[in-house]
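Biologist: I have a new model on my screen and would love a guided tour. Could we take it in small steps?

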Amino acid sequence: MQHYNMNLTLKVWRQKNKEDKGGFQNYQVKDISSEMSFLEMLDVLNEQLIRDGQDPIAFDHDCREGICGMCSLYINGKPHGDWKANTTCQLHMRAFKDGETIVIEPWRAGAFPVVKDLVVDRSAFDRIIQAGGFISVNTGNAVDGNSLPINKDAADAAFAAAMCIGCGACVAACKNASAMLFLSAKVSHLALLPQGDPERKSRVFNMVAQMDKEGFGACTNTGACEAACPKEISIANIARLNKEYLFASITAEK
Amino acid sequence: MTWKQVFTSSVGKKLVMGFTGIFLILFLIVHVGLNACIWANDGGEMFNKGAHFMGANWVPRILEIGLFAGLLLHIIQGLLLVFYNRSKRTVGYAINYGNRGSKWYSRSMGLLGTIILLFLILHLANFWLPNRSHQGFLLGEEINLYTTMKDVFSNILVVIVYVFGCISLGYHLAHGFQSAFKTLGIHNKRWHKSISAVGLAFSIIVPLLFAMMPLSFYFGWIN
């Protein structure tokens with residue numbers, strides 16, 4: 001693809017802190033290379049703001065390789081921008097045309113309060129994992145991996161679910177701000193493997209309870225989460241979570 | 001993990017919606033099947049026989065209580081879920097994801113359901129209430145429901161409202177049918193594919209048949 005430079009208008013959500021009401025502010029950026037990543041474009045803008053003595057825009061990022069789940073941003077009405085199966089850090093400026101206006105918003109959900117500008121607090125996800133997204137293993141010698149046969153299809157499905165990077169795009173995309181795709185990926189990942197079996201009932205129950213406690217909405221199977229997921233986590237995982245939950249509630253001892 | 005904890009959780013609430021939804025889908029099959037007797041072209045004889053079986057027999061009348069219970073549960077839980085889910089995003093987006101991420105009717109189940117509820121109130125006031133009150137709400141003598149249908153559907157406004165109600169039902173089912181099975185845990189691709197296909201066919205055929213009933217009376221397609 002031919003390289004080109006572009007001038008853009010950015011409409012960015014600015015919010016000083018949690019309590020601040022916040023609002024949109026317009027910025028002009030010039031000579032942005034089509035080879036740049038979206039975050040590099042924001043870096044250019046921030047350098048410009050710092051030079052002008054203004055407060056730079058706060059946004060989350062870490063690996064910039066599309067694997068850590070730190071970057072977020074709701075770009076032109078879609079989590080992680082318009083490219084399919086892509087994170088914001090891997091969105092490149094060739095996705096935009098010269099003269100375009102780009103609207104950048106933070107994830108919007110009651111359970112993801114804005115910390116500053118485009119940064120939201122996603123620690124609710126950590127607490128959901130703490131509620132059951134683990135397996136308990138006694139210490140001692142490592143068991144030989146081949147002593148535990150695992151069906152290839154189940155292993156592949158578990159791996160596909162484990163692809164979730166916990167970025168929160170599913171919550172941002174969902175009209176109910178539900179964390180069901182995230183939660184179902186974590187539950188499916190472990191429920192499909194023999195190592196996850198002993199705790200499967202308490203896991204699904206505790207993790208759903210924690211999700212509700214954190215203030216996420218309920219799933220209505222619209223499929224927006226799946227469409228927005230940078231790791232293409234299947235919505236079938238949500239149905240599997242429902243099955244796990246129903247089965248756990250029917251077979252509970254008390 | 002008490003039953004109370006289960007049914008007050010977000011997944012438990014959805015299970016209630018799924019179970020009652022499938023129950024109501026089964027009811028629709030009975031309803032559309034019996035009402036299709038109007039097309040027997042026998043002046044409503046067969047239809048009234050069917051209506052008589054449903055209205056003057058203890059077994060369907062007891063099941064009717066179950067139907068209303070399921071219906072109320074679906075309506076109340078559905079409305080509560082709509083408000084619960086709405087409250088989870090306090091600050092909205094400037095630009096919405098909209099139709100790029102999901103179908104409009106899958107996001108509008110609350111609205112479609114409310115339209116169906118309003119239609120249902122009119123529908124019950126047109127047929128169920130006059131008939132049951134004539135019966136003294138027990139097993140008394142029924143009114144002639146075929147001629148009642150003829151009367152009610154001679155009004156073009158009522159016919160339009162009914163057709164609109166059926167369209168809403170169609171879209172409600174287009175999402176609800178397959179979603180209910182997902183909620184109950186059907187995750188296998190092969191089952192999901194066939195359920196989605198059956199659901200789509202059901203959501204077109206059944207509301208279409210229902211919509212044909214007022215139209216058939218209004219345009220005199222039946223004797």
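Modeller: Happy to! Keep in mind that this is a predicted model. Let us begin at the end of one helix: H8(B) is followed by Gly185(B), whose phi is positive, near 105 degrees.

Biologist: How many residues does helix H8 of chain B have, and how far does it reach from its first C-alpha to its last?

Modeller: Helix H8 of chain B covers residues 156-183, which is 28 residues. At 1.5 Å a residue, a span of 40 Å is expected. The model comes close to that, with a reach of 39 Å.

Biologist: On which residue is the kink in H8(B) centred?

Modeller: The helix H8(B) has a kink of about 30 degrees. Its centre is at Leu173(B).

Biologist: Which residue caps the N-terminal end of H8(B)?

Modeller: Look for a side-chain oxygen that lies 2.9 Å from the backbone nitrogen of Leu157(B). That oxygen belongs to the capping residue, Asn155(B).

Biologist: Let us step back a little. What does the secondary structure of chain B come to?

Modeller: Reading from the N terminus on, the elements run α-α-α-α-α-α-α-α-α. The C-alpha trace of chain B spans about 55 × 40 × 35 Å along its principal axes. In secondary structure, chain B comes to zero strands and nine helices.

Biologist: Now for the partner chain. Which three residues supply the most of the area that chain B buries against chain A?

Modeller: Chain B and chain A bury about 3600 Å² between them, with 58% of it on carbon and sulfur atoms. Three residues of chain B supply 22% of the area that this chain buries there, more than any other three. They are Met1(B), Tyr93(B) and Tyr97(B).

Biologist: And which element gives the most to the side of chain B that touches chain A?

Modeller: In total, 36 residues of chain B are in contact with 52 residues of chain A. Between the chains there are 22 residue pairs in polar contact, while the count of salt bridges is zero. Elements giving two or more residues to this side of chain B include helix H4 (58-86) and H8. The one that gives the most, with six residues, is H2(B).

Conventions
Residues numbered from 1 in each chain as written. Chains lettered and ligands numbered in written order. Predicted model: local features only at pLDDT ≥ 70, side-chain atom pairs only at ≥ 80, totals over all residues. Heavy atoms only, no water. Helix = DSSP H or I, 4+ residues; strand = E, 2+ residues; numbered from the N terminus. Expected span 1.5 Å × (residues − 1). Bend = angle between axes of the 7 residues up to and from the residue. Polar contact = N/O pair within 3.5 Å; in protein donor to acceptor, adjacent residues only side chain to side chain. Contact = heavy atoms within 4.5 Å. Buried area = accessible area lost by both parts, 1.4 Å probe. Salt bridge = Lys/Arg side-chain N within 4 Å of Asp/Glu carboxyl O.
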